[in-house]
Amino acid sequence: MTIEAPLVFLDTETTGLDLTDDIWEFSAIRRDPNGIETGCGMFIEHSAEKAARLPERFRADLERRYNPPFVLTQEVAAREIASFLAPSPSGQKAHIVGAVPSFDTERIALLLARFGHKPEWHHHLIDVEALMVGYLAATGVSVALPWSSDDLSLAIGVQPPPEGLRHTATADALWSMRIWDRITNSEGDTDE
């Protein structure tokens, strides 16, 4: 498959599922058409009140990994994220790739808007879960609803992140990249 625009594999961790919840972790890998990959990851200031409402497992993960000396303000994070997701020098908008990427891009867009930045990624988001369902259907494997992203991933030969790394922004962004590479036969990490 020939890709003539940047791909950005990304994930966020948030203080909840509502649009009003805060992003506390952002991670992304940008793959430019020339194959060069760059990464961006950060912890972001967030409401402790909102974080306190998280289910215990997610709250414990936040408390374990969130590193205050390395936390960016929301304003600085918005600027860094906007810069990382900006179009290429030739004007090609990045295509966002992830597991249900609309969850992430909706919240990223709100964060950016709060500080005067506009989302500049391509409006066609690429959901690796839907890709896996289509890929499996093309090979004659039917998938029942609701599906499990772990089961889909295993069915195409890609190991999900191990417990302890699952639902970390970096591991989930890398997982989306491995799924994309497996389905598109792109160069990159696969589990073979």
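Let's start where two helices meet: in this predicted model, the axes of H3 and H4 come within 9 Å of each other and cross at roughly 115 degrees. Angles from 65 to 115 degrees count as roughly perpendicular, so H3 lies roughly perpendicular to H4. As for its hand, the crossing of H3 and H4 is left-handed.

Which residues make the contact between H3 and H4? From H3 come Gln74, Ala78, Ile81 and Ala82, while H4 brings Ile108, Leu111, Leu112 and Arg114. Sorted by class, this contact has six nonpolar residues, one polar and one charged.

Now step back to the nonpolar core. In soluble globular proteins, nonpolar side chains tend to be buried together. Here the largest such core has 20 residues, and Ile81 and Ile108 are among those with the most contacts inside it, along with Val8, Leu10, Phe26, Ile44 and Leu85. At least two core residues come from each of strand E1 (7–14), strand E2 (23–31), strand E3 (37–44), helix H3 (74–84) and helix H4 (101–114). H3 gives the largest share, with five residues.

Val8 is a good place to look more closely. Setting aside neighbours within four places in sequence, Val8 is in contact with Ala28, Ile29 and Arg30, with Phe84 and Leu85, and with Ala94, His95, Ile96 and Val97. One of these partners, Leu85, is also listed with Val8 among the residues with the most contacts inside the core.

Finally, follow the chain further along to a second, separate core. This one has 17 residues, including Val128, Ile156, Ala173 and Trp180.

Conventions. Residues numbered from 1 in each chain as written. Predicted model: local features only at pLDDT ≥ 70, side-chain atom pairs only at ≥ 80, totals over all residues. Heavy atoms only, no water. Core = buried A, V, L, I, M, F, W, Y, C linked by side-chain atoms within 4.5 Å. Buried < 20%, exposed > 50% of the residue type's maximum accessible area, 1.4 Å probe, protein only. Helix = DSSP H or I, 4+ residues; strand = E, 2+ residues; numbered from the N terminus. Contact = heavy atoms within 4.5 Å. Axes fitted to C-alpha atoms, helices over the stretch in contact; angles between N-to-C directions. Parallel < 35°, antiparallel > 145°, perpendicular 65-115°, else oblique. Left-handed = near helix turned anticlockwise from the far one by under 90°. Nonpolar A, V, L, I, M, F, W, Y, C, P; charged D, E, K, R; others polar.
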